[in-house]
Structures are given as structure tokens and as C-alpha cells.
Amino acid sequence: MERRNNTNVSEFILFGLTDSEVIQQFLFMLFLLIYLITLLGNAGMILIIRLDLQLHTPMYFFLSHLSFLDLSYSTIITPKTLENLLTSNKNISFIGCFTQMSFFHFLGVAELYLLSSMAYDRYVAICNPLHYPVVMSTRLCSALITGSYTISFTESLANLLFMISLHFCGSNIIYHFYCDLIPILALSCSDTRDTEMMMMISASLNVMVTLSTICVSYVSILSTILKINSSSGKRKAFSTCASHLLGVTIYYVTTSFTYLKPKKSYSLGKDQVASVFYTMVIPMLNPLIYSLRNKEVKNAFIRIMQKREGSRQ
């Protein structure tokens, strides 16, 4: 791989995960399997929620959007990664790279705010169940979703404007398997302090706002659950939010590990493992986390299958 000394970089080279052909073939098969499971799981979740009227509730409304984000999240990254693993051509155009980076950032921030909206939904359901249908109205749910997408779009656009104003010269090799903010920032020969500061502030605000909402919601939920006298009632209340809590924990740990630090501390090995986890593994796991322990989803799937068999007969 050659290095370029042009002041105007027309394309980048994605260094990828490994140089070993054997490991590349293994990773190709593994990532392809993960991607197919991700497509099937998230598309299936969206379809079940749309087709079954009993799942037309705020919780499943948010869950369908989570599946959409995970599906989009994985599709932005995985196909290009599979292509790079299968071929010797690791190039990606300047426009293609920045487009991938922008969509990835947009979807990632949207998921943070969506997870906090889901936590608030569980708080209202457990702590204020009698007023749940009134509080979590269609209007509020739509506003929360619209707000999540609006904030993420605005932030993604701001990041893009800062990034394209930078000057790229010297090496065009991105030491990552996709175009991400920190590895691209490391290639710039401009002064990136303002861009880094903006990224750190926005990332910190995103984590503070969403994580504080989630923490306050779950502290209130835990307090309410502990006041329930029967053990069966406690188990039932906790089971309604256990899946979400697990999903939130995995997502926040991996993303915070990668982004809440300066570019100089970027580690090729450790950061790539974390990146594989939240770009491929988490989108695959979320449908499993939210459906395997969820009787409503299982029953909805059975009802849809029974209707299908009935219509055939």
C-alpha cells in the first residue's frame, strides 16, 4: 500500500482488521453470518410489530425504531467490510468515506436518544401505570422519535462541516475497517483542536443527557419495584425492563470506550474490537435480547403464523 503526499486526497484506503488471508476468509464468513442474522432478526421484529395489532403500543413503537436503526447501522458498515475482506481493493472514495461516516454518526446518536426514550417509557409504565396510556400518547412518542432524529441529524451535519474543512495530506491509509471520526481525524495535517473539542463536547453532552435520563428512570423503577410486596410482582415488573437495561449497558460501555477520549489515545487493536462489537454484534443481539425473554413477541409470532395458515386453508 502506497502513501500519498497530495494535498487533495481523492480516496482513502481502509487498512482493515488483518493482513492474513486465512483470517480474512474466516472473518468474512463470520461477519456474513452475523449480518444475515441481523437482517433476519431486525426485519422480522419490525414485521411482527407492524402485523400484530396487540403490539401497537409505545414500547413496541420504540422497539421497531430500534430495529430500524440497528438494521441501518449494520448495513452502513458490514457490506463494505465484507467487500474489503473478499477483495484486494481496499479503496473508498473521499465522498463515499465521508458519507459512511456521516450516516454512521447520525444513526449512532439517534440510538442513544432512542434508548433514553425507551427508559422513560419503562419508567412511566412501572411507576405510573394508571396514567401510562395518557402520558405515553401517540403525540409524545412521535415527538420523542422526531427529537432523536433531529438532534442526531443536526450533530452529524455539524461534524461533517467541521471534518470537510480540514486539510488532508500525507498518508491516506485509514487504520480501521470503516470510516470513523477518530481514524480520519488522525490523517489530517490541519490543526484539529477545534474539531476535537467540538466532538468531545457533543459526545459528552449526548452521554450526559441520555445516561442521566436512563439512570433517573431506573432509580425510580428500582425504588418502585422494591415497594412491591409479592415476589411474583417484583419479577414481573423487573422482567419488563431487564432486556432494555442489558441492551443499554452493552451499548454505552462499548461506545464510551471508543469515543470519550482524545484521538492520540486511539488503539488499533482494542478500538477495532470494540467497533466490531457495536457495529455488528449489538445490532445482531438486540432482536434476540428483546424477543427471547418476551412472551408478547413470541405470542405475536404464533398469532401471525396461525393467521397465515388459516388464510391458506
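A cavity is a set of grid points where a 1.4 Å probe fits but cannot get out, and its lining residues have an atom within 4 Å of a point. That idea is all you need for the opening view, and it helps to know from the start that the model shown in these close-ups is predicted.

**View A. The largest cavity and its lining.**
Welcome to the enclosed space of this structure, which holds one cavity of 30 Å³ or more. The volume of the largest cavity is about 90 Å³. Around it you can find Leu14, Phe15, Gly16, Leu17 and Thr18, together with Gln24, Thr81, Asn84, Leu85, Lys90 and Phe177. Helix α2 makes the biggest contribution to this lining, with three residues. Sorted by class, the lining of the largest cavity has five nonpolar residues, five polar ones and one that is charged. Two of the lining residues, Leu14 and Gln24, will come up again: Leu14 in the view of the sheet, and Gln24 in the view of helix α1.

**View B. A sheet of three strands.**
Here we look at an open sheet with mixed pairing, whose strands follow the order β2-β1-β3. β2 and β3 are its edge strands, each pairing on one side only. As background, strands of a sheet pair through backbone hydrogen bonds, either parallel or antiparallel. Strand β1 (residues 11-14) runs antiparallel to strand β2 (residues 91-93), and three bridges join the two. Look for Glu11, whose bridge partner in β2 is Ser93. With strand β3 (residues 173-174), β1 pairs in the parallel sense, over two bridges. On that side Ile13 stands opposite Ile173, while Leu14 has Ile174 as its bridge partner.

**View C. Helix α1 along its length.**
Helix α1 covers residues 21-51, which makes 31 residues. At 1.5 Å a residue the helix should span 45 Å, and its end C-alpha atoms are 44 Å apart, so expectation and model agree. Several residues of α1 are buried, including Gln24, Leu27, Phe28, Phe31, Ile34 and Tyr35. Further buried residues to look for include Thr38, Asn42, Met45, Ile46, Ile48 and Ile49.

**View D. Helix α2 and its kink.**
Helix α2 takes in the 29 residues from 58 to 86. Its expected span of 42 Å, at 1.5 Å a residue, agrees with the 42 Å between its end C-alpha atoms. Follow the helix to Thr75 and you reach a kink of about 30°, shortly before the proline Pro79. Because 22 of its 29 residues are buried, α2 is largely enclosed by the rest of the structure.

**View E. The largest pocket.**
This view turns to an open space, the largest pocket, which has about 770 Å³. Its lining consists of 25 residues, and those that lie nearest its centre are Met59, Arg122, Ser239, Thr240 and Glu296. Four helices, α2, α3 (94-127), α8 (231-259) and α10 (295-312), each supply at least two residues of the lining. The largest share comes from α8, with six residues. By class, the lining of the largest pocket is made up of twelve nonpolar, seven polar and six charged residues.

**View F. Ser137, between two helices.**
Ser137 sits in the loop between α4 (132-135) and α5 (138-164). Its relative accessibility is 26%, and since partly exposed covers the range between 20% and 50%, Ser137 counts as partly exposed. Now find Pro58: although it is 79 residues away from Ser137 along the chain, the C-alpha atoms of the two are separated by 7.8 Å.

**View G. Gly147 in helix α5.**
Gly147 is part of helix α5. With a relative accessible area of 26%, Gly147 is partly exposed. Its companion in this view is Ala110, 37 residues apart from Gly147 in sequence and 8.9 Å apart in space, taken from C-alpha to C-alpha.

**View H. Ser256 in helix α8.**
We finish with Ser256, which belongs to helix α8, the helix that gives the largest share of the pocket lining. Ser256 has a relative accessibility of 22% and therefore counts as partly exposed. Between Ser256 and Ala203 there are 8.9 Å from C-alpha to C-alpha, while in sequence the two are 53 residues apart.

Definitions and conventions:
Residues are numbered from 1 along each chain as its sequence is written. This is a predicted model: local features need pLDDT of at least 70, side-chain atom pairs count only at pLDDT 80 or more; totals for chains, interfaces and linings use all residues. Side-chain values use heavy atoms; hydrogens and water are left out. The expected span of a helix is 1.5 Å times one less than its number of residues. The bend at a residue is the angle between axes fitted to the seven residues ending there and the seven starting there. Buried means under 20% relative accessible area, exposed over 50%, partly exposed in between (1.4 Å probe, protein chains only). On a 1 Å grid over the protein atoms alone, a cavity is a set of points where a 1.4 Å probe fits but cannot get out, and a pocket is an open set with protein on both sides within 12 Å along at least five of seven lines; lining residues have an atom within 4 Å of a point. Grid points are joined across faces, edges and corners, and a volume is the space filled by probe spheres set on the points. Ala, Val, Leu, Ile, Met, Phe, Trp, Tyr, Cys and Pro count as nonpolar, Asp, Glu, Lys and Arg as charged, and the others, Gly among them, as polar. Two strands pair if DSSP finds at least two bridges between them.
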